[in-house]
Amino acid sequence: QVQLVESGGGLVQTGGSLRLSCAASENIGSYFAMGWYRQAPGKQREMVATITKGGSSTYADSVKGRFTISRDNAKNTVYLQMSNLKPEDTAVYYCGTKRTMFRNYDQWGQGTQVTVSS
């Protein structure tokens, strides 16, 4: 079971930026995809951004043009660069793994809190 440790969250004003990191305890190069999800109070967890081992990325419509996902397989780390943050981006952000094409995201970190003040 891989250990995923997220970091980089915090309190930021509207329009500010943060970079989240997700460090994995093992080689992520073979994983089909890595992703960032978020969960706001009273809401379901939702996909924010994903990136395949080939480098293809997908984004939720609400973050397109503002967030960028990247991965450094040599460091076993996935990043989420967040810019022009809005109060509605406030949530706990989780890193997850999709080990094969046929599996769901089923390994998660403990999450990191992002709070955007208006």
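**Entry 1: the nonpolar core**

I began with the largest nonpolar core of this predicted model, which has 28 residues. The residues with the most contacts inside this core are Met-34, Trp-36, Val-48, Phe-67, Leu-80, Met-82 and Tyr-93. I then looked up which elements give two or more residues to the core, and found strand 3 (18-24), strand 4 (33-39), strand 5 (46-52), strand 7 (67-72), strand 8 (77-82), strand 9 (91-98) and strand 11 (112-117). Strand 3 gives the most, with four residues. As a general note beside this, nonpolar side chains in soluble globular proteins tend to be buried together.

**Entry 2: Tyr-93 and its partners**

Which residues does Tyr-93 touch, once those up to four places away in sequence are not counted? I listed Glu-6, Leu-20, Trp-36, Tyr-37, Arg-38, Val-48, Phe-67, Leu-80, Met-82, Gly-111, Thr-112 and Val-114. Among these partners, Trp-36, Val-48, Phe-67, Leu-80 and Met-82 are also named with Tyr-93 as residues with the most contacts inside the core.

**Entry 3: Val-114**

I followed the contact from Tyr-93 to Val-114, which is found in strand 11. Is Val-114 buried or exposed? Val-114 counts as buried because its relative accessibility is 0%, and the limit for buried is under 20%. Leaving aside neighbours within four places in sequence, I found Val-114 in contact with Gly-9, Gly-10, Leu-18, Leu-20, Met-82, Asp-89, Thr-90, Ala-91 and Tyr-93. For a distance across the chain I took Val-114 and Glu-26, which are 88 residues apart in sequence and 26 Å apart in space, C-alpha to C-alpha.

**Entry 4: the chain as a whole**

I stepped back to the secondary structure and noted zero helices and 11 strands, so that the order of elements from the N terminus on is β-β-β-β-β-β-β-β-β-β-β. The radius of gyration is 13 Å, which agrees with the value near 13 Å that a compact globule of 118 residues would have. Taken along the principal axes, the box filled by the C-alpha atoms is roughly 40 × 25 × 25 Å.

Buried residues make up 43% of the 118 residues in the chain. I also looked at how far along the sequence the contacts reach: of those with a separation of 6 or more, 55% join residues 24 or more positions apart. The chain exposes about 6,100 Å², and carbon and sulfur atoms supply 48% of that area. For charge, I counted 13 positive and 8 negative side chains, with the centres of the two sets lying 3 Å apart.

**Entry 5: two asparagines with positive phi**

Before looking at backbone angles I noted that most residues other than glycine have a negative phi. Asn-76 has a phi near 55 degrees, a positive value in a residue other than glycine, and lies in the loop between strand 7 and strand 8. Asn-84 also has a positive phi, of about 45 degrees, and lies in the loop between strand 8 and strand 9. I looked up the accessibility of Asn-84 as well, and with a relative accessible area of 42% this residue is partly exposed.

**Entry 6: Arg-99**

Where is Arg-99 found? I placed Arg-99 in the loop between strand 9 and strand 10 (107-108), and at 25% relative accessibility this residue counts as partly exposed. Leaving aside neighbours within four places in sequence, Arg-99 is in contact with Ser-30, Tyr-31, Phe-32, Asp-106 and Gln-107. The C-alpha atoms of Arg-99 and Met-34 are separated by 8.3 Å, although the two residues are 65 residues apart along the chain; Met-34 is one of the residues with the most contacts inside the core.

**Entry 7: Asp-72 and Gly-55**

Asp-72 is found in strand 7 and is partly exposed, with a relative accessible area of 23%. When neighbours within four places in sequence are left aside, the contacts of Asp-72 are Thr-77 and Tyr-79. From Asp-72 to Thr-97, 25 residues apart along the chain, the C-alpha separation is 14 Å.

I closed with Gly-55, which lies in the loop between strand 5 and strand 6 (57-59) and has a relative accessible area of 43%, making this residue partly exposed. The C-alpha atoms of Gly-55 and Lys-86 are separated by 27 Å, with their positions 31 residues apart along the chain taken as the sequence distance.

Note on methods: Residues numbered from 1 in each chain as written. Predicted model: local features only at pLDDT ≥ 70, side-chain atom pairs only at ≥ 80, totals over all residues. Heavy atoms only, no water. Rg over C-alpha atoms; globule rule 2.2 N^0.38 Å. Buried < 20%, exposed > 50% of the residue type's maximum accessible area, 1.4 Å probe, protein only. Contact = heavy atoms within 4.5 Å. Areas by Shrake-Rupley, 256 points an atom, 1.4 Å probe, with all protein chains shown as cover. Lys, Arg positive; Asp, Glu negative; His and termini not counted. Charge placed at Lys NZ, Arg CZ, Asp CG, Glu CD. Core = buried A, V, L, I, M, F, W, Y, C linked by side-chain atoms within 4.5 Å.
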